[in-house]
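Open the model in your viewer and keep the selection tool at hand. We will go stop by stop.

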Amino acid sequence: MIQGLPASIEWRRDTAQVPYRHALDDMTARNAAIAEGVADELVWLLEHPPVYTAGTSAAADELLDPRFEVVEAGRGGRYTYHGPGQRVGYVLLDLKRRARDVRGFVHAMEGWVISTLADFGVESWRSAGRVGIWTRDIDGREAKIGAIGVRIRRWVTMHGFSVNLNPDLSHFGGIVPCGIEEFGVTSLARLGHEVDMPTWDAALLARAPEFLAALERPCPQE
């Protein structure tokens, strides 16, 4: 339990890298247990060794160079890279206890990341038709700084988001990230903000009450 956050949710922070397949197995089991009412909800912050994950819409021609393990993730979306220097957040919440609004859940999670990035002086935004969190790169072009991918089973969420703190951006070159060829990826470090994981986690968790409150109401119309 973390002070100021609901005791009904487990807030887990791993400092060692967790292999993606292990995390996926744990997350799948926890999702089922939450749905059965025999486990607490979970927000899990972690880091993976290099891996490419394929969502349910992944296209074979978007896997350009499978230099790392490729795992079928079962979430929505296309190909995504995870690796060192990237903070991943898996969010396993029971929407039956909230607004039962899948779009609202995604919107609230995006807002959570956007607000946290703003705390480090990075302006970011949603972009219609392009999943993820976007910002202005050092060359002035839009670039992705965070990815979003979710799955809902029996109204319990799984998967979540990732934010590029200081990953090796060349690793993204093995895929077309999220199927979007015309835009690149960036990181806090590339934008001149050196943020370690404990500092990021603290800022993210400080914003968690706002995120949870947003789940109590339907998604706003845009």
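The tour below visits a sheet, a helix pair and a strand with its partners. Bear in mind that this is a predicted model.

**Stop 1: the open sheet**

Select β3, β4 and β5. These three strands form an open sheet, in the order β4-β3-β5. The pairing in this sheet is mixed. Now look at the edges. β4 covers residues 70-72 and β5 covers residues 79-82. Each has a single partner strand, so one side of each is left without a neighbour in the sheet. Turn the view to see the twist: neighbouring strands here are turned by 30° against each other on average, direction ignored.

Next, zoom in on β3, residues 51-54. Three bridges join β3 to β4, and the two strands run parallel. Which residue of β4 stands opposite T53? Select V71 to see that partner.

**Stop 2: the helix across the sheet**

Add residues 20-36 to the selection. This is helix α1. α1 lies across β3, β4 and β5. Compare its direction with β4: α1 runs at about 15° to that strand.

**Stop 3: two helices that cross**

Clear the view and select residues 102-119, helix α2, together with residues 197-206, helix α3. The two pack at an angle of about 120°. Their axes are 9 Å apart. Angles of 65 to 115 degrees count as roughly perpendicular and those over 145 as roughly antiparallel. α2 and α3 are therefore oblique to each other. Their crossing is right-handed.

Show side chains at the contact. From α2, pick W112, V113, T116 and L117. From α3, pick W200, A203 and L204. What kinds of residues make up this contact of α2 with α3? Six are nonpolar, one is polar and none is charged.

**Stop 4: strand β10 and its partners**

Now select residues 156-164, strand β10. Is this strand mostly covered or mostly open? β10 is mostly covered, with nine of its nine residues buried.

Bring in β6, residues 86-92. β6 and β10 pair in the antiparallel sense over five bridges. To find one bridge, select R87; its partner in β10 is V163.

Then add β9, residues 142-153. β9 and β10 also pair in the antiparallel sense, over eight bridges. Here, select R151 and find its bridge partner in β10, M158.

Finish at the turn. The hairpin of β9 and β10 has two residues between the strands. Click on R154 there: this residue takes a positive phi near 55°.

Notes: Residues are numbered from 1 along each chain as its sequence is written. This is a predicted model: local features need pLDDT of at least 70, side-chain atom pairs count only at pLDDT 80 or more; totals for chains, interfaces and linings use all residues. Side-chain values use heavy atoms; hydrogens and water are left out. Two strands pair if DSSP finds at least two bridges between them. Helices (H or I, at least four residues) and strands (E, at least two) are DSSP runs, numbered from the N terminus. Axes are lines fitted to C-alpha atoms, for helices over the stretch in contact, and angles run from 0 to 180 degrees between N-to-C directions. Contact means heavy atoms within 4.5 Å. Angles under 35 degrees count as roughly parallel, over 145 as roughly antiparallel, 65 to 115 as roughly perpendicular and the rest as oblique. A crossing is left-handed if the near helix is turned anticlockwise from the far one by less than a right angle, and right-handed if clockwise. Ala, Val, Leu, Ile, Met, Phe, Trp, Tyr, Cys and Pro count as nonpolar, Asp, Glu, Lys and Arg as charged, and the others, Gly among them, as polar. Buried means under 20% relative accessible area, exposed over 50%, partly exposed in between (1.4 Å probe, protein chains only).
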